[in-house]
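Biologist: Pull the model up and let's walk through it.

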Amino acid sequence: MQLQQLAYFVTVAETRHFTQAAERMRVAQPSLSKQIKALETELGAPLFSRARGNVTLTPAGEALLPLARRMLADADTARREVGELAGLRRGRVRLGATPSLCAGLLADALARFHRDYPGIELLVEEGGSRDLVRALARGQLDLALIILPLQGDDPALVTEEILREHLVVASPSHARGRVRKPYMRIDELRGRPMVMFRRGYDLREATLSACRQAGFEPRFAVEGGEMDAVLRFVEAGLGVAVVPSMVLDGRPGLTGTPLMPPGLRRTVALAHRKDVEPTRAAQAFRATLVFYLAEAAHEQSLPAGVELITAAKRR
């Protein structure tokens with residue numbers, strides 16, 4: 001089984017068309033078809049069903065696709081790691097992060113890393129923790145900032161707790177819909193119209209869990225949004241939302257009301273695959289991020305509601 005064959009297979013699976021796949025791979029279509037056939041012969045099963053020009057994956061093809069993607073991603077990582085041995089003058093870091101961290105914390109850390117390692121390519125993927133964990137497992141990310149605990153602990157990941165962030169109830173700053181109390185209890189959300197994130201967001205699950213523990217189901221005014229959309233809907237007066245306090249910085253149209261102690265908090269961790277050692281570029285980014293956060297905590301410049309988890313606390 002050759003990596004080139006796997007690359008051809010993945011491209012056909014994505015395009016569902018042999019000619020288009022050959023064009024994307026810049027190879028003659030007969031050569032691509034020959035390599036796919038050789039792969040099928042080696043595996044002892046057809047990978048594609050070719051009926052009336054409609055190309056679909058067989059059960060064997062469906063089983064191979066995620067494995068092939070991971071093998072290609074790991075091979076790419078290996079090539080880059082070997083290329084970095086001469087020094088961190090080039091390379092790539094594929095980083096995943098939740099929307100609240102992208103909006104409220106990550107930009108300055110990325111700027112510092114780019115200043116120190118200008119030759120390292122930075123690719124950032126924004127998404128909920130579940131999506132990011134899947135991307136890590138497929139080999140599409142080197143590192144990800146995710147929320148703990150995971151939904152069903154994933155033994156294939158190494159996680160390092162780095163931050164805790166407080167959740168608050170966001171409401172519009174104008175009179176209509178504004179929360180005018182210094183604190184709120186979770187059960188005070190009963191009957192209030194709420195703006196809810198799309199499925200797959202950790203904040204959705206945290207909010208639903210807290211409400212159900214308080215004995216009620218929240219009432220949605222609108223649901224299905226990403227972070228920016230949810231905040232804008234709250235500003236417009238559609239309802240309130242439970243969000244990390246850091247995302248309210250620079251939004252005068254929103255007010256954040258803390259929840260009654262002990263409140264709601266969540267833990268942010270840096271994660272990578274257990275079976276793949278992070279590249280030197282990824283290790284350098286991890287070191288830069290940890291140093292930046294420690295410096296910000298010392299200077300008391302972390303966003304509101306964010307607490308650094310020190311090495312002592314992690315142990």
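**Backbone oddities, pockets and cavities**

Modeller: R16 is partly exposed, because its relative accessible area is 35%; partly exposed sits between buried (under 20%) and exposed (over 50%), using a 1.4 Å probe and protein chains only. By the way, this is a predicted model: local features need pLDDT of at least 70 and side-chain atom pairs 80 or more, while totals for chains, interfaces and linings use all residues. Residues are numbered from 1 along each chain as its sequence is written, and side-chain values use heavy atoms, leaving out hydrogens and water.

Biologist: OK, what's the phi of R16?

Modeller: Positive, near 55°, and R16 isn't a glycine. R16 is in the loop between helix 1 and helix 2 (18-25). Helices (H or I, at least four residues) and strands (E, at least two) are DSSP runs counted from the N terminus.

Biologist: And Q300, where is that one?

Modeller: In the loop between helix 10 and strand 12 (306-308). Q300 has a positive phi too, about 55°, and isn't a glycine either.

Biologist: Is Q300 buried or exposed?

Modeller: Exposed, because the relative accessible area of Q300 is 75%.

Biologist: Switching to peptide bonds: which residues does a cis bond join, with omega about 0°?

Modeller: L148 and P149. P149 belongs to the loop between strand 5 and strand 6. There's also a cis bond from P261 to P262, with omega about 10°, and P262 is in the loop between strand 10 (254-258) and strand 11.

Biologist: Now pockets. What's the volume of the largest pocket?

Modeller: About 560 Å³. There are 30 lining residues, and P149 turns up among the closest to the centre, along with D202, E205, A206 and R265. On a 1 Å grid, a pocket is an open set of points with protein on both sides within 12 Å along at least five of seven lines, a cavity is a set where a 1.4 Å probe fits but can't get out, and lining residues have an atom within 4 Å of a point.

Biologist: Which element gives the most to that lining?

Modeller: Helix 8, with seven residues. Helix 8 (202-213) is one of the elements that each supply at least two lining residues, the others being helix 7 (129-137), strand 5 (143-148) and strand 11 (264-273).

Biologist: What about the volume of the second largest pocket?

Modeller: That one is about 260 Å³. It has 14 lining residues, with R69, L72, A73, R94 and Q140 closest to the centre. Helix 1 (3-15), helix 4 (59-83) and strand 3 (91-97) each put in at least two, and helix 4 has the largest share at five.

Biologist: How many cavities of 30 Å³ or more?

Modeller: Three. The largest cavity holds about 120 Å³ of space. Its lining has 13 residues, and those nearest the centre are T77, R94, L141, D142 and V276. Helix 4 and strand 11 are the elements that give two or more residues there.

Biologist: Hang on, which residue did you also name for the second largest pocket, among those closest to its centre?

Modeller: R94: it's on that pocket's list, and on the list for the largest cavity.

Biologist: Last one: what lines the second largest cavity?

Modeller: L101, L105, L106, L145, I162, L163, V268, L289 and L293. Strand 6 (157-172) and helix 10 (280-298) each give two or more of them. The space in that cavity is about 50 Å³.

Key:
Grid points are joined across faces, edges and corners, and a volume is the space filled by probe spheres set on the points.
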